[in-house]
Amino acid sequence: MAHTPKNQSEKAILTARRAWCYLVLVLISFLCLFFFYVLIINSTRTHFEIQKGFSLMPGKSIITNFRNVLTDANIPVVSGIRNSLLVSACSAALSVYFSALTAYGIYAYNFKFKKAAFALILLIMTMPTQVSALGFLQLISKMGLKNSFIPLIVPSIAAPTVFFFMKQYLDASLPMEIVEAARIDGAGEFYTFNKIVLPIMKPALAVQAIFSFVASWNNYFIPALVLDTADKKTLPILIAQLRSADFLKFDMGKVYMMVAIAILPVIVVYLLLSKFIVRGVALGGVKG
Amino acid sequence: MGEKTKKKGSISYAKWGYIFIAPFFIIFAVFQLIPLASTIYYSFFEYYRSGLKIIGPNFVGLKNYITLFATDLPKYFSNTLILWIIGFVPQIIVSLLLAAWFTDLRLKLKGQTFFKTVIYMPNLIMASAFAMLFFALFSDNGPVNAVLLSMGWIKTPISFLNTVWGNRGLVGLMNFLMWFGNTTIMLMAAIMGVDPTLYEAAELDGCTPNQMFWKITLPLIRPILVYVMITSMIGGLQMFDVPQILTNGKGGPDRTSTTMIMYLNNHLFSKNYGMAGAVSVVLFLVCAVLCVVVYFSLTKEDDGLTKAQRKELKAAKKAAAKGGK
């Protein structure tokens, strides 16, 4: 046996290290959770209670605050939620389906520009979309798509990071024998992709759908430049509007409630699926 | 034989490859490539709105770039850099520490799933809403000041949002909170990829956990560290939502928290397309260099070791195998 039994002092050192680790971890977790805790508490309190000082106990005005936010004439929250949901869901669906399609196209077929196409996608993967925002805005106004959801949804068909994840997933989990067997059985190429490959990719699709949805839900820069009218605005734009409104006149209970409406749905979904998502981060390596 | 049939089969299917990747490339060309080309094009023109009148586009050569470098760009570039560093330095230190602890087999920390879930959570929240929350929490009569006052740590409220470093510190803190969980998980994956026999050998040789971290873990995960740093840098250059909302688009006292993208955003809103183009092109060039680095770090065939390091690794493995017997 090469291992020597641990003596007393070594054990003590290990226990001390462990205690130190837990202390740091608890402090960091506290830092992460504290802000959300204050957010939740304050969204249940009235403006007057919030101004009076901080409390660890929730108030009783959650329903009042919620109703006040929904009925505020200046900040169309209901249509904001609807618009955000619509844009995010469509973007996520398009981005996941077409990224899987592209990844499969490069994984399963041999063609002349295959390597070049793959290299190009990797090269542009980390390029921020903001650098072409000027040309993008000019283009969509020429197309007559200003103040429309189309320029926020359709470009997600070309999502390099999602593609990269799908490609890695295919490399790891789709044997070509399955595809060849389907061909022998007379399946067409699109049929093979939709009915055989997509079901195999389900875990990857689910993880990336969540990431795409969240990215689109949180997106502020481009939507703020594209959408002008109140009925089209998404939640991040409404938050910005809230920030630029005259703050002193504002009901703070409403402000916290509005932030909670923007943040908490994502948090709830995350907590339900966290195992899935955390594993996805480690697998993908990249996230936009 | 299998190889041959596969090749033969796939040749006749080649057109399907093009069909399957076509949507991606068409959309990319229309919504990214063409806009990028026109962005570069406009950067050489005088093209802005003055009142209700549109001036231009008149070709002015490099004038926009000269104006840019002579006036605002250095300031906003260094702002962006400073804000990024304030967030990144604590982020990489904490992430390395946590990743090393989570993967340490002797420590066997419990509740890892819980901690990982908690530290990753801030990454998913809406940056603009997070900034709005911080604005409310750190305002002069907000809860943070209230707590500090009631604990007797301060006598008068700290004006976080009206001071240069208060603002920058908050932006850095938010970026740190939003990204350190993500980085921790990526570094953990990298550390778990390190050959465990190396640690066993080191332990037999009487290495302390500290030595193992500095001499084994850190050199072996260097490629991932580079990747994390470059992608974070690109993310830093895109910094917009947080400082924009926190400072209401004004960039704090005397524009000391105005980032490159906030500057671009101002030009886009005021319809100064020539200058917006020039800012975009500068950003594009910087990002292009960084993208090439990312590309090579992703396509490298091996683990990114030098020849000498690989030799060392082999020798160490041999030694470990011998030691185990």
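Trainee: What makes you trust chain B in this model?

Mentor: The mean pLDDT of chain B is 86, and 89% of its residues reach 70 or more; pLDDT is the predictor's confidence in each residue, from 0 to 100. This is a predicted model in which local features need pLDDT of at least 70 and side-chain atom pairs count only at pLDDT 80 or more, while totals for chains, interfaces and linings use all residues. Residues are numbered from 1 along each chain as its sequence is written, with chains lettered from A and ligands numbered from 1 in the order in which they are written.

Trainee: Where does pLDDT stay under 50 in chain B?

Mentor: Over residues 1–11, for which the model has 4 contacts beyond four places in sequence. Two residues are in contact if their C-beta atoms, placed from the backbone, lie within 7 Å. As for the model's own scores, ipTM is 0.88 and pTM is 0.88.

Trainee: Why is helix α6 of chain B called mostly covered?

Mentor: A residue is buried if 20 or more other C-beta atoms lie within 10 Å of its own, exposed if 12 or fewer, and partly exposed in between, with C-beta atoms placed from the backbone. In α6(B), residues 127–137, 11 of the 11 residues are buried, so the label fits. Among them are B:F130, B:M132 and B:F134. Helices (H or I, at least four residues) and strands (E, at least two) are DSSP runs, numbered from the N terminus.

Trainee: What makes β1(B) and β2(B) a pair?

Mentor: Two strands pair if DSSP finds at least two bridges between them. Strand β1 (residues 45–50) and strand β2 (residues 53–59) of chain B have 5 bridges in the antiparallel sense, so they qualify. B:S50 stands opposite B:K53. The two strands form a hairpin with 2 residues between them, and B:G51 in the turn has a positive phi of about 65 degrees.

Trainee: How many residues does each chain bring to the contact?

Mentor: Chain B brings 83 and chain A brings 75. On the chain B side, helix α2 (residues 14–42) gives the most, with 19 residues. That side divides into 62 nonpolar, 18 polar and 3 charged residues. Here Ala, Val, Leu, Ile, Met, Phe, Trp, Tyr, Cys and Pro count as nonpolar, Asp, Glu, Lys and Arg as charged, and the others, Gly among them, as polar.

Trainee: And in chain A, how much helix is there over residues 20–40?

Mentor: That stretch is 100% helix and 0% strand, with its end C-alpha atoms 30 Å apart.
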